[in-house]
Amino acid sequence: MNLVFLDQETLPTLVQLRRPNFAHHWQSYDNTPAEQVTTRLADADIVLVNKVSLTADIIAQLPRLKLIALAATGSDNLDLSACRQAGIAVCNVRDYSKSSVPEHALSLMLALSRNLHAYRSSVADGRWQQSGQFCYFDYPVRDLHGQTLGLIGYGTIAKDLEKLAVALGMQVIVAARKGQAPAAGRVGFEQLLAQADIISLHCPLNDDTRHLIAEPEFKQMKENALLINVGRGGLVDEAALLQALETQQIGGAGFDVVTAEPPAADNPLMQALAHPNFILTPHIAWASHDSMQRLAEQLIENVEAFVVGKEQNRLV
C-alpha cells in the first residue's frame, strides 16, 4: 500500500503520528499546491489529507486511489459525489475535539460579554491612570448567567457547549433548520434569532448552510446579541457581519473561522478587527494538544480499519 499525506504540516510537530500496522510505503509533504496534487497521488492507494482540495477533475485522474482519509471532520474540500462514482472510500475523524471546541466557544462568549479585549487595550493605553479612580466603566460588562444561548446545529460539540452553558446558569434553545417547522425540543429559526442573547453556529458547510447568517438575519437579532462561529467561515456573509458591527446592529462577534484561510488583508473580518467587540482567532478552537493527539490516533485507526475491510467513520 502506498500512503501519501498531502499536508502533514496542518498537524503540529508535537503531535505523535504513528505509522499504520500493515506493510506500506509512507510519503508525507508539509503542504501540496493544487498543481502538484495529481502528480503526488499518481501511485497512491490511500491519501491522508486535511485541507487540500480534491475536486472531481483531480479524482478522475487517480484510478488507483482506494481511500481518502480526512484529518478533519468537515469534508467541504472533497467532491463526495465524485468519490462515490469512482468507488473511492472516504472517512473522517469525529468527536476528537468535543472538549476543545466548546471551551473555545465559551471563551469567546465570556471575553465578549465582559469586554475583556476592550478593557485590556484601554489599560495598555493608560486609561486606568487617567481615570483617577480604582476602576472605570467605559465598556459594558454582562454576565452569562441568565442569558439565552441559541444553538444553530446540534451535534456533539453543540451538545457539550450546552452542558457548559447550563452549568453557568444560561437558558439554551436550539433552532430548527431554516425554513422548516420546529420539531419537539426546537424553536423556529427566526424565533431563535429574535430571542437569543448569544447565537453559536455548529453547522457543516454545504449549499443549504452557506451564508446562513446574512443581512436579513442580522436585522432579526437583538441589538446587543453576540454571534459565535467556531463552525465554518462560509456560514456567515462576512461583508454583512462587518456592516452589522459598523452600524451597531449587533453587540459583537467572536469567530475562529474565515471563508478563505488564511484570510486576505482586505477580508471583511480583518477589517472588523478594528472594532473592540470583534474577536478573530486563527482556526485553533480544535487545537488543544489532547484533541490533536486524539485526531492523529483516530486518523491512523481509520486507515487500519479500511485495510482489514471494516467500515469506520465512513462518509463514502
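Visitor: In this predicted model, at what angle do the axes of helix α4 and helix α7 cross, and how should that angle be read?

Guide: A helix pair is read from the approach of its axes and then from the angle between them. Here the axes of α4, residues 100-113, and α7, residues 156-167, come within 8 Å and cross at roughly 50 degrees. That value makes α4 oblique to α7, because it falls neither under 35 degrees, which would count as roughly parallel, nor in the 65 to 115 range that counts as roughly perpendicular. The crossing of α4 and α7 is right-handed.

Visitor: Which residues of α4 and α7 meet?

Guide: On the α4 side they are V101, P102, E103, A105, L106 and M109, and these meet I157, D160, L161 and L164 of α7. Sorted by class, the contact of α4 with α7 holds eight nonpolar and two charged residues, with no polar ones.

Visitor: Turning to the sheets, what is the strand order in the open sheet of five strands?

Guide: A sheet is read across its strands rather than along the chain. The order in this open sheet is β2-β1-β3-β4-β5, and the pairing is parallel. Strands β2 (25-28) and β5 (89-91) stand at the edges with a single partner strand each, so one side of each is left without a neighbour in the sheet. From one strand to the next, the twist averages 15 degrees.

Visitor: How many bridges join β1 to β3, and which residues are partners?

Guide: Strand β1, residues 2-5, and strand β3, residues 46-49, run parallel and are joined by three bridges. L3 has I46 of β3 as its bridge partner, while F5 is partnered by L48 in β3. On to β4, β3 is joined by four bridges, again with the strands running parallel, and V47 stands opposite I68 of β4.

Visitor: Which way do the side chains of β3 point, and are they buried or exposed?

Guide: In a regular strand the side chains alternate between the two faces of the sheet. In β3, I46 and L48 point one way and V47 and V49 the other way, and all of them are buried.

Visitor: Which strands does helix α12 lie across?

Guide: Helix α12, residues 289-307, lies across β1, β2, β3, β4 (67-70) and β5, and its direction is at about 160 degrees to β3.

Visitor: What is the order of the six strands in the other open sheet?

Guide: The six strands follow the order β7-β6-β8-β9-β10-β11, with parallel pairing. At the edges stand β7 (171-174) and β11 (278-280), each having a single partner strand, so one side of each is without a neighbour in the sheet. The twist of this sheet averages 15 degrees from one strand to the next. Within the sheet, four bridges join β8, residues 198-201, to β9, residues 226-229, and these two strands run parallel. S200 stands opposite I228 in β9.

Visitor: Which strands do α7 and α10 touch or lie across?

Guide: Helix α7 packs on this sheet, touching β6 (148-152), β7 and β8, and its direction makes about 175 degrees with that of β6. Helix α10, residues 238-246, lies across β10 (252-255) and β11, running at about 145 degrees to β10.

Visitor: What in the backbone deserves a second look?

Guide: Most residues other than glycine have a negative phi, and most peptide bonds are trans. The peptide bond from E261 to P262, however, is cis, with omega near 0 degrees, and P262 has its place in the loop between β10 and α11 (268-272). D95, though not a glycine, has a positive phi of about 60 degrees, and it lies in the loop between β5 and α4. N313, also not a glycine, has a positive phi of about 55 degrees and lies in the segment after α12.

Visitor: How are the accessibilities of D95 and A60 to be read?

Guide: Relative accessibility is sorted by cut-offs. D95 counts as partly exposed at 45%, whereas A60, at 64%, counts as exposed, because the cut-off for that class is over 50%. A60 lies in helix α2, residues 56-60, and its C-alpha atom is separated by 7.8 Å from that of A82, 22 residues apart along the chain.

Methods:
Residues numbered from 1 in each chain as written. Predicted model: local features only at pLDDT ≥ 70, side-chain atom pairs only at ≥ 80, totals over all residues. Heavy atoms only, no water. Axes fitted to C-alpha atoms, helices over the stretch in contact; angles between N-to-C directions. Parallel < 35°, antiparallel > 145°, perpendicular 65-115°, else oblique. Left-handed = near helix turned anticlockwise from the far one by under 90°. Contact = heavy atoms within 4.5 Å. Nonpolar A, V, L, I, M, F, W, Y, C, P; charged D, E, K, R; others polar. Pairing = 2+ DSSP bridges. Buried < 20%, exposed > 50% of the residue type's maximum accessible area, 1.4 Å probe, protein only.
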